[in-house]
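Q: I have a new structure to look at. Can you walk me through a few parts of it?

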Amino acid sequence: MAAPVSQPPVAARASTRILPRGLGALPESAPASLRFSVGRRRRAARLEVKASGNVFGNHFQVATYGESHGGGVGCVISGCPPRIPLTEADMQVELDRRRPGQSRITTPRKETDTCKILSGTHEGMTTGTPIHVFVPNTDQRGGDYSEMAKAYRPSHADATYDFKYGVRAVQGGGRSSARETIGRVAAGALAKKILKLKSGVEILAFVSKVHQVVLPEDAVDYETVTMEQIESNIVRCPDPEYAEKMIAAIDKVRVRGDSIGGVVTCIARNVPRGIGSPVFDKLEAELAKAMLSLPASKGFEIGSGFAGTDFTGSEHNDEFYMDEAGNVRTRTNRSGGVQGGISNGEIIYFKVAFKPTATIGKKQNTVSREHQDVELLARGRHDPCVVPRAVPMVESMAALVLMDQLMAHIAQCEMFPLNLALQEPIGSASSASELAPNLS
């Protein structure tokens, strides 16, 4: 009887890698991104590279899509809890605050930014499935970008998109346009609603600086400032006197075809204690990432920020005390409501700096795509100062961070009974009763 043909052990057979013709065997230590997966039958090998950059969040996930002069923009929201009341009107309120053409100090591009919810709701309630929101582009002027197709706008993303991808959508700046933020604001409107229902969280942002006009730190009471005060003027500064100064500063550069930058301050009230995931997903780290992902953003600081370096420890520390209700509070809030990367129950406040709009109506020296020194006089419709329209964008990104971190906290820390001597359950009786009819 012929001797049986020996077979390699199952484990050895499973680890054998069949490679395309001409490639040698890869060692087991080779990175997974370089390995080819091939079935029993010989077929073309496939190399898969995952490099997205268009999805934000881990639990409450938002993927944005679209470009300035494409067919439209929008987002897909995954992980939204079911049975949350939601209509297009809920999102439209926030989109109207972001839309172009709303005043003389914003871009004159005329877009209604009317949103349509294409999936994820039924009879005005979320179903727990992905929510698709779409907003069409209706006022494109691609011809305004003929010069920018040949030459790079200084300090714009034109050049770096070419450096990275070797191709770019020229009209309107393509994916680097602020129209991409429509998806963020739509998703942020939903996140703000859920945060309010669950814990009474309120997120407000306002313009605190335009160029050299700086709103004094004590001009706004973070405890009492309202949306009505912020929305009472076109620059979104809650102080009427400084609002007029800011508008005048924008008007001055607008008529000259120039631009200026500014600062948006954001506050979040009633944020539950315990939100944030040390060490790499600390609350302030997630907020910083979110804010610095916004177009034209250049700086972020929370609490005392860089000014805190001027203090000694004894001057800077927020001393604890027990309030009348028996809660642990801090007498000051230089920490900005976050300590050790975790919310402490005080008001969260931070600032985001935005640079002057890169596209201006002044002749500038630059380089062409053919690597020739040239002059560029850009056309198109652009904001002379981005901060008035950045206010709802900042609020939305803050809401997305807090929503994502809230879900992470509940999943990890409220799966089992709490240590009530130290912890508090997320949510309040008032917010739960408001939502209860919709959850029955």
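Q: Which strand gives the most to the lining of the second largest pocket?
A: Strand 16, with 3 residues. Keep in mind that this is a predicted model.

Q: Which elements give two or more residues to that lining?
A: Strand 10 (262-269), strand 13 (328-330) and strand 16 (348-354).

Q: How many residues line the second largest pocket, and which lie nearest its centre?
A: The lining has 36 residues. Nearest the centre are Glu223, Asn333, Gly345, Glu346 and Ile347.

Q: What is the volume of the second largest pocket?
A: About 980 Å³.

Q: How do the lining residues divide into nonpolar, polar and charged?
A: There are 11 nonpolar, 13 polar and 12 charged residues in the lining of this pocket.

Q: Now the sheet. What is the order of its strands?
A: The order is 9-8-10-16-11, an open sheet of 5 strands with antiparallel pairing.

Q: Which strands stand at the edges?
A: Strand 9 (213-214) and strand 11 (297-302). Each has a single partner strand, so one side of each has no neighbour in the sheet.

Q: How many bridges join strand 8 to strand 10?
A: 8 bridges, and the two strands run antiparallel. Strand 8 covers residues 202-210.

Q: What is the bridge partner of Val207 in strand 10?
A: Val264.

Q: Which strands does helix 6 touch?
A: Helix 6 (residues 240-254) packs on the sheet and touches strand 8 and strand 9. The direction of helix 6 makes about 60° with that of strand 8.

Definitions and conventions:
Residues numbered from 1 in each chain as written. Predicted model: local features only at pLDDT ≥ 70, side-chain atom pairs only at ≥ 80, totals over all residues. Heavy atoms only, no water. 1 Å grid on protein atoms, 1.4 Å probe; cavity = no way out; pocket = protein on both sides within 12 Å on 5 of 7 lines; lining within 4 Å. Points joined across faces, edges and corners; volume = space filled by probe spheres on them. Helix = DSSP H or I, 4+ residues; strand = E, 2+ residues; numbered from the N terminus. Nonpolar A, V, L, I, M, F, W, Y, C, P; charged D, E, K, R; others polar. Pairing = 2+ DSSP bridges. Contact = heavy atoms within 4.5 Å. Axes fitted to C-alpha atoms, helices over the stretch in contact; angles between N-to-C directions.
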